[in-house]
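Hello,

Here is the structure I promised to pass on to you. Have a look at it first, and then read on for my notes on what turned up.

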Amino acid sequence: MKIWKLVSGILSIVLCLFIIFQSCAAGLSNAIEENNEVGGSAGVIVAILILAAGIVSIVTRNYKGKGGNIALIVLFGLAAVIGFALAGSYSDLRIWAAWCLICAILAVVSMIKNGKEISE
């Protein structure tokens, strides 16, 4: 799972840049159309959470305890919930939320796997 944490961390940091640019464009579009959607703002929050989770993922890749995985579950899970709930017409936010959900599930798998290795 060390490789997964490193790869997901790097991809998350890189994706953060794309999400921020898209979110700014979506927010500007929402403001111009005055459609009362918050997809752009939600995208910025998701991007910040993905950036934080990516950094945590890289830093805790060699850590054997559960703390790093719990932090990843919370960060990626919160980003997924916000992304799915507030996407509105910003449909790409659902894709980024799906990425977060996959990473959260893999963090759960990593936590369970590390728990079995420690107990053996």
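**Notes on the model**

L6 sits in helix 1, which spans residues 2–33. Before going further, please keep in mind that this is a predicted model. With a relative accessible area of 31%, L6 is partly exposed. Together with I10, V14 and F18, L6 makes a nonpolar surface patch of about 340 Å². You may want to colour that patch when you open the file.

Now for the overall picture. The chain has four helices and zero strands, and read from the N terminus the order of elements is α-α-α-α. Along the principal axes, the C-alpha atoms fill a box of roughly 60 × 20 × 15 Å. There are 120 residues in the chain, and 36% of them count as buried. The accessible surface is about 6500 Å², and carbon and sulfur atoms account for 74% of that. As for contacts, take those between residues at least 6 apart in sequence: 73% of them join residues at least 24 apart.

Which residues have the most contacts inside the largest nonpolar core? They are I19, F76 and L93, in a core of 25 residues. At least two residues of this core come from each of helix 1, helix 2 (39–59), helix 3 (67–86) and helix 4 (92–119). L93 is a good place to start looking. Apart from neighbours within four places in sequence, L93 is in contact with G39, A42, G43, V46, G83, L86 and A87.

Two other residues of helix 1 may interest you, and neither is a nonpolar one. S23 lies in helix 1 and is buried, with a relative accessible area of 1%. Residues up to four places away in sequence aside, S23 touches G40, G43, V44 and Y90. G43 thus appears in the contact list of S23 and also in that of L93. The second one is K5, again in helix 1. Is K5 buried or exposed? K5 counts as buried, because its relative accessibility is 3%, under the 20% limit used for that class. If neighbours within four places in sequence are left out, the contacts of K5 are S57, I58, T60, R61, N69, L72 and S110.

Next, the cysteines. How many disulfides does a search of the whole structure find? The answer is zero. C16 is in no disulfide, and the nearest cysteine sulfur, which belongs to C100, is 10 Å away. C16 counts as buried, at 4% relative accessibility. For C100, the closest cysteine sulfur is that of C103, at 6.7 Å. That is too far for a bond, because the two sulfur atoms of a disulfide have to be within 2.5 Å. C100 also counts as buried, with a relative accessibility of 0%.

The loop between helix 1 and helix 2 is worth a look for its backbone angles. E34 lies in that loop, and its phi is near 50°, a positive value in a residue other than glycine. N36 lies in the loop between helix 1 and helix 2 as well. The phi of N36 is near 60°, again positive in a residue that is not glycine. Where do these two stand on accessibility? E34 is exposed, with a relative accessible area of 66%, and N36 is exposed too, at 76%.

Finally, a note on A52, which is found in helix 2. A52 counts as partly exposed, since its relative accessibility is 30%, and the partly exposed class lies between the 20% and 50% limits. From A52 to L28 there are 24 residues along the chain, and the C-alpha atoms of the two are separated by 24 Å.

If you only have a few minutes, I would begin with the core around I19, F76 and L93, then turn to buried K5 and buried S23, and end with the positive phi values of E34 and N36.

Best wishes, and enjoy the model!

Key: Residues are numbered from 1 along each chain as its sequence is written. This is a predicted model: local features need pLDDT of at least 70, side-chain atom pairs count only at pLDDT 80 or more; totals for chains, interfaces and linings use all residues. Side-chain values use heavy atoms; hydrogens and water are left out. Patches are made of residues with over 30% relative accessible area and no salt bridge: like charges are joined within 9 Å, nonpolar side chains (Val, Leu, Ile, Met, Phe, Trp, Tyr) within 5 Å. Accessible areas come from the Shrake-Rupley method with a 1.4 Å probe; for residues, only the protein chains shown count as cover. A salt bridge is a side-chain nitrogen of Lys or Arg within 4 Å of a carboxyl oxygen of Asp or Glu. Buried means under 20% relative accessible area, exposed over 50%, partly exposed in between (1.4 Å probe, protein chains only). A nonpolar core is a set of buried Ala, Val, Leu, Ile, Met, Phe, Trp, Tyr and Cys residues joined through side-chain atoms within 4.5 Å. Contact means heavy atoms within 4.5 Å.
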